[in-house]
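Me: I would like to learn how to read a protein model, one feature at a time. Where should I start?

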Amino acid sequence: MNGHLTARFRKQFPSGPSIHADLQLPIGRSHITVLFGPSGCGKTTVLRCLSGLEQPNEGEIVCNGETWFDAQQHMWSITLGARHAILG
């Protein structure tokens, strides 16, 4: 499966950091994406939001034209199993 993942969101932790993501990624069997950065910069938070384990405070996540998260429309959809099948 080849497709496209767009994620523009912010996750705010109470009394803590605000993590901002702005990603446009190809997805498919031949694509590899790497997140890198110093400890505490938000790599795990971004992955948890993409996988459905965390809900961002604002923004959107769209995969192959299907909206997984949209804060303005109060939409949080698709199961973890379906995301795992797409994201691997």
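**Reading the fold**

Reply: Start with how much of the chain is covered: buried residues make up 31% of its 88 residues. Keep in mind that this is a predicted model.

Me: Which elements does the chain contain, and in what pattern do they follow each other along the sequence?

Reply: List the helices and strands from the N terminus onward. Here there are two helices and five strands, and the pattern reads β-β-α-β-β-β-α.

Me: What is the order of the strands in the sheet?

Reply: Order in a sheet is read from pairing. The five strands form an open sheet with the order 2-1-3-4-5 and antiparallel pairing. Strand 2 and strand 5 (75-76) are the edge strands, as each pairs on one side only.

Me: How many bridges join strand 1 to strand 2?

Reply: Strand 1 and strand 2 run antiparallel and are joined by ten bridges. One bridge pairs Gly 3 with Ile 27 in strand 2. The two strands form a hairpin with five residues between them, and Ser 15 in the turn has a positive phi of about 55 degrees.

Me: And how many bridges join strand 1 and strand 3?

Reply: Strand 1 and strand 3 pair over six bridges, again in the antiparallel sense. Thr 6 stands opposite Val 62 in strand 3. Val 62 also stands opposite Thr 67 in strand 4. Strand 3 (residues 58-63) and strand 4 (residues 66-70) are antiparallel too, with four bridges.

Me: Which strands does helix 1 touch?

Reply: Helix 1 packs on the sheet and touches strand 1 (3-12), strand 2, strand 3, strand 4 and strand 5. The direction of helix 1 makes about 120 degrees with that of strand 1.

Me: Which residues of helix 1 are buried?

Reply: The general idea comes first. An α-helix has 3.6 residues a turn, so residues three or four places apart point the same way. In helix 1 (residues 43-51), the buried residues are Thr 45, Val 46, Cys 49, Leu 50 and Ser 51. Just after helix 1, Gly 52 takes a positive phi of about 95 degrees.

Me: How do I read a salt bridge?

Reply: Look for a side-chain nitrogen of Lys or Arg within 4 Å of a carboxyl oxygen of Asp or Glu. The whole structure has four salt bridges. In one of them, the side chains of Asp 22 and Arg 8 meet at 3.1 Å, N to O. Asp 22 is in strand 2 and Arg 8 in strand 1, so the pair ties together parts that are 14 residues apart in sequence.

Me: Is Asp 22 buried or exposed?

Reply: Asp 22 counts as exposed because its relative accessibility is 56%. Arg 8, at 35%, counts as partly exposed.

Me: Which residues are joined into one network by salt bridges that share partners?

Reply: Take the pairs in turn. Lys 11 and Glu 54 meet in a salt bridge (3.4 Å, N to O). This pair links distant parts of the chain, with Lys 11 in strand 1 and Glu 54 in the loop between helix 1 and strand 3, 43 residues apart. Arg 48 and Glu 54 form another salt bridge (3.2 Å, N to O). Through shared partners, Lys 11, Arg 48 and Glu 54 belong to one network.

Me: Are Lys 11 and Glu 54 buried or exposed?

Reply: Burial means under 20% relative accessible area. Lys 11 counts as buried at 11%, and Glu 54 counts as buried at 19%.

Methods. Residues are numbered from 1 along each chain as its sequence is written. This is a predicted model: local features need pLDDT of at least 70, side-chain atom pairs count only at pLDDT 80 or more; totals for chains, interfaces and linings use all residues. Side-chain values use heavy atoms; hydrogens and water are left out. Buried means under 20% relative accessible area, exposed over 50%, partly exposed in between (1.4 Å probe, protein chains only). Two strands pair if DSSP finds at least two bridges between them. Contact means heavy atoms within 4.5 Å. Axes are lines fitted to C-alpha atoms, for helices over the stretch in contact, and angles run from 0 to 180 degrees between N-to-C directions.
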